[in-house]
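Here are a few exercises to work through with the model open. Try each task before you read its solution.

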Amino acid sequence: MTDTPPSSPPSRKGRVFQAGAAREPQPVLDEKLTAPAGYGSSAAPPTEQREPAAPAGAPAPYTGTKGDVHAEVLVLGAGPGGYTAAFRAADLGKQVVMIDSRGPLGGVCLNVGCIPSKALLHAAKVIAETKEMSHAGLSFATPTIDLDALRAWKDSVVQRLTGGLAGLAKQRKVQTIVGTGTFTSPNMVTVAARDGSTTTVSFDAAIIAAGSEPVQLPFVPHDDPRVIDSTGALDLDNIPERLLVLGGGIIGLEMATVYSELGTKISVVELMDQLIPGADKDLVTPLTKKISKEYQAIWLGTKVTAVTAGPDGLTVTLDATASKDKAKAPETAVFDKVLVAVGRRPNGRVVGADAAGVFVDERGFIPVDKQQRTNVAHIFAIGDVVGQPMLAHKATHEAKVAAQNCTGHTSYFDATVIPSVAYTDPEVAWVGVTENEAKAAGVKYGKGVFPWAASGRSLSLGRDEGLTKVLFDETTDRIIGAGIVGPNAGDLIAEAALAIEIGADAADIGLTIHPHPTLSETVAMSAEAFEGTITDLYMPKKKK
Ligand SMILES: Cc1cc2nc3c(=O)[nH]c(=O)nc-3n(C[C@H](O)[C@H](O)[C@H](O)COP(=O)(O)OP(=O)(O)OC[C@H]3O[C@@H](n4cnc5c(N)ncnc54)[C@H](O)[C@@H]3O)c2cc1C
């Protein structure tokens, strides 16, 4: 859209589902620049791309010795990657078997990740909002927290979704097997059930969707029940008085948000000199400022070198020599619990992929090409196990590509960008090129920034610390990246992701009429700020 009369944009419907449909990337969006942070790490690069092992086409039927069960398509892992791949392959007419070691479907995301964390973050938000309204003359009593009821509610949300998946699998006649699957050859997996029984499953094609596990640290006594990972934090066993969050990335800070509102004194220690290191500093600053007032301590540029378990708590040894902060961490501090949230490691080795001839790199990632194909032509891999960003929405998109390719269609993962969101308070969300990346790569960009202190909607929500920043290519005016901090930033970033995918420019965004009063207007106003047409702020320099 521009100032000229409108014309119908070309439809891209089904673009990844056609032979050779890989689309030209946006000129300014270099692949190196579009690797966002996921839940596994804050700024790790994507895995290497390898050449396809064989020409595209449906894998041939397996003619060797059959297993106890035979699958036209075997899916190993039932997380957002696995169940999406299984359902898509079934919808395309294949007989599918899906194996997962945990009972309920849904993988990490539904059982111990995205969904339970967001349920608890909602509870935290309700508590926070009741406190915030005291400024507006509404005072609420301190909430009484029935931990068993809160846990049961969170579990009910999870069960509703995982139960729904079981229903969807049944409707599609996807056979599910509960147990740990291990490749024994290029066409066979052995599944070990908890009761000790085994089932062999032969397959024509396989999709590895085995996900990832929390990283453990060698100097931390992980067998002590007071040392928890994100799964332990979501279990909500008790509300500790003093919690150290080891790792200031997305998972650690989301859990800190929950426990802080439940009454825990939170300390956060982060090795880098910024929380959420993958995001631009100006987006993280409003969050850091807010939680610095609420938490007991935030130690940046600080290393944990030891954790010792004692009867009165966990004694943590800290090295703050690299910290630029005035208030440095003490040499030791004692906590009731320590949440280790320093990243996730892929499960490539866990599934014995090498027995099938599948290459697994030294970190446990399984490299794939843009068709999600491993170095073995009939074996595909998707989700956390193939690389960063470790995000559910990346896994589901890769899943459809893999399912389509192993059912004889030709399909490519050609997303230009993948958005990242920290569901903290305020939320921090970004997509495409960050300013840090643009500067490092020498990209010529311009930016439009809209402070939420000038947004009527934000002020009416009682919040003014938010910020919307949109980056544009200086030559074409096309949007190349965006970052938002503030309530609901995670929802708002979707507009920027779509704008990048369709190659929108600043005028397209600024001239799109956004509903008033909404936070979405801040995206349009950032574009206007870049264009120099904004009237809601005074910007004397640009005149258009
Ligand atoms: C606390 C937390 C919060 C998160 N929040 C978000 C969020 O808000 N948004 C977001 O996008 N992402 C979030 N994530 C990340 C997200 O959960 C993952 O990116 C996503 O689940 C990856 O999907 P997947 O299909 O690759 O694998 P997974 O969801 O990890 O599923 C893999 C499955 O395979 C099973 N498996 C592994 N090995 C075997 C084997 N040998 N045999 C049988 N089964 C096996 C595992 O048990 C698991 O069930 C969060 C993660 C955590 C930990």
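**Getting oriented**

The protein chain holds 13 helices and 22 strands (DSSP runs numbered from the N terminus: H or I of at least four residues for helices, E of at least two for strands). Residues are numbered from 1 along each chain as its sequence is written. This is a predicted model, where local features need pLDDT of at least 70, side-chain atom pairs count only at pLDDT 80 or more, and totals for chains, interfaces and linings use all residues.

**Exercise 1.** Work out how strand S1 (residues 69–76) sits among its neighbours.

*Step 1, burial.* Six of the eight residues of S1 are buried, so the strand is largely enclosed by the rest of the structure. Buried means that 20 or more other C-beta atoms, placed from the backbone, lie within 10 Å of the residue's own. Over the protein chain of 544 residues, 49% count as buried.

*Step 2, partners.* S1 pairs in parallel with S6 (residues 198–208) over seven bridges, and in parallel with S2 (residues 96–100) over four bridges. Pairing takes at least two DSSP bridges between the strands.

*Step 3, a register check.* Look at Val75: Ile207 stands opposite in S6, and Met98 is the bridge partner in S2.

*Step 4, the connection.* S1, helix H1 (residues 80–91) and S2 form a right-handed β-α-β unit. Right-handed here means that, with the strands pointing away from you, the path from the first strand over the helix to the second runs clockwise.

**Exercise 2.** Describe how H1 packs on helix H8 (residues 392–405).

*Step 1, geometry.* The axes are 8 Å apart, at an angle of about 30°. Axes are lines fitted to C-alpha atoms over the stretch in contact, with angles from 0 to 180 degrees between N-to-C directions.

*Step 2, classification.* H1 and H8 are therefore roughly parallel, a label for angles under 35 degrees.

*Step 3, contacts.* On the H1 side, Pro80, Gly81 and Thr84 are among the residues that meet H8, whose own set includes Ala392, Ala395 and Thr396. Contact means C-beta atoms, placed from the backbone, within 7 Å.

**Exercise 3.** Which strands pair with S9 (residues 242–246)?

*Step 1.* S10 (residues 265–269) pairs with S9 in parallel over five bridges, with Leu246 opposite Val269.

*Step 2.* S15 (residues 337–340) runs parallel to S9 and is joined to S9 by four bridges; Leu243 stands opposite Lys337 there.

*Step 3.* Helix H6 (residues 250–262) completes a right-handed β-α-β unit with S9 and S10.

Note on methods. Buried ≥ 20, exposed ≤ 12 C-beta atoms within 10 Å, placed from the backbone. Parallel < 35°, antiparallel > 145°, perpendicular 65-115°, else oblique. Contact = placed C-beta atoms within 7 Å.
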